[in-house]
Amino acid sequence: MTVALAHEISGPRSGAADAPVVVLLGSLGSNRSMWDPQIAALSDDCRVVAVDQRGHGESPAPDGPYSVRELSEDVLALLDSLGVDAAHIVGLSMGGAIAQWLGAHAPRRVLSLSLLCTAAKFGEPQAWIERAAASRTDGPESLADAVVARWFSEGLAKRDPEFVRHYREMIASTSAEGYAACCDALADWDFTADLSRIAAPTLVLAGAEDPSTPPSVMQVLSDGITGARFEVLSPAAHVANLEQAGAVTALLREHILGGGYARGRRAAHAEGMKVRRSVLGDAHVDKSIEGTTDFTAPFQDFITRTAWGDIWSRPGLDHEMRRLLTIAVLTAVGNEHELDMHIRAALRGGVDADTIGEVLLQTAVYAGVPNSNLGFALGKKALADLSSSESEDDSQT
């Protein structure tokens, strides 16, 4: 069951009705005020939703243990309650784990990811199990000194002890069960093998002096997420958005508003167009592009990025298998236009006619003879047209 998360909505001060939504997810032991520098800056042009995660700040703290999936589903429920279809997700530390889960498991809800001082795996489980036990026994107060020492660099701690003391109190005031149950979630967290499932444009930010998730740990994220941009800030420890507030905010604005998201869409479109041409052929694609109008352009962009740039580009099936599955499905639903196009494209792409025939026979058994009869008729005509075309080519050589 999800938890109704306490949150704060700011902006856009620009008044734009279509302003992008940015969701800010913080560290273990924090509340939403840790994002104050970014809220102030981003809310000029964005609708900023700063969140208290389950067991933190003003959000409820049900008995644990929790899982990262549950924490993530809380965020999805919040987006649903706000009527937000998709958002730019910014997560630091534990918030970054939630952002990764959303990127892989709810890709349609994620416009971009910004992963700050986080990891695909936060060390070994035993350390988190022990920290959870300490929180339940003695409260986060018993952990606050050790935790805040990791949040900020030694130089900042010496220059501004009052600043550090404020955030120590933030940690100490966290719900004992909420803190412990989130430790349980991090003990079980290992997303290393799933990073390749993230397709959203991703910014990865590390603190050079971060002892918890150093740049070497965050390099795993950068290497595992296709096309991710990796930046290291110094001096900065674990809560880099506070120690390097100006630099982090500028990078977030650039990623969200200044091209990171757009670059990701362009890259997905370019990859999709390459696959689309390899499957359907240049002549067909050129004809489709020539017929594009202002009305149809968004659909052309959508189908190129999603069908061709995402699904057809996945490594799980080769293109021949995807061609045959497409023919089977189109036969089953009786989509004559698309079926004719894909049969012809498959033949031009070197798929054996007998193999296509076997697919149509198999479909006849499970989807009905009339639909497969249509498939055979279209295949017969496509083979005749292809043979005629080849004969004309031979006569001209």
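Reading arginine 109 and helix H2

Modeller: The side chain of arginine 109 comes within 2.9 Å of the backbone oxygen of valine 84, a polar contact being a pair of N or O atoms within 3.5 Å, where within protein one must be able to donate a hydrogen and the other to accept it, and residues adjacent in sequence count only if both atoms are side-chain atoms. This is a predicted model, in which local features need pLDDT of at least 70 and side-chain atom pairs count only at pLDDT 80 or more, while totals for chains, interfaces and linings use all residues. Residues are numbered from 1 along each chain as its sequence is written, and side-chain values use heavy atoms, with hydrogens and water left out.

Biologist: Is arginine 109 buried or exposed?

Modeller: Buried means under 20% relative accessible area, exposed over 50%, and partly exposed in between, with a 1.4 Å probe and protein chains only. Arginine 109 has 18% relative accessibility and so counts as buried.

Biologist: Which residues is arginine 109 in contact with, leaving aside its neighbours within four places in sequence?

Modeller: Contact means heavy atoms within 4.5 Å, and the partners of arginine 109 beyond those neighbours include Leu76, Leu79 and Asp80.

Biologist: Which residues of H2 are buried?

Modeller: Helices are DSSP runs of H or I with at least four residues, strands are runs of E with at least two, and both are numbered from the N terminus. Among the buried residues of H2 (residues 68-82) are Leu76 and Leu79, and the buried residues of this helix pack against elements including strand S4 (87-92) and helix H3 (94-105). After H2 comes glycine 83, with a positive phi near 70°.

Methods
The expected span of a helix is 1.5 Å times one less than its number of residues.
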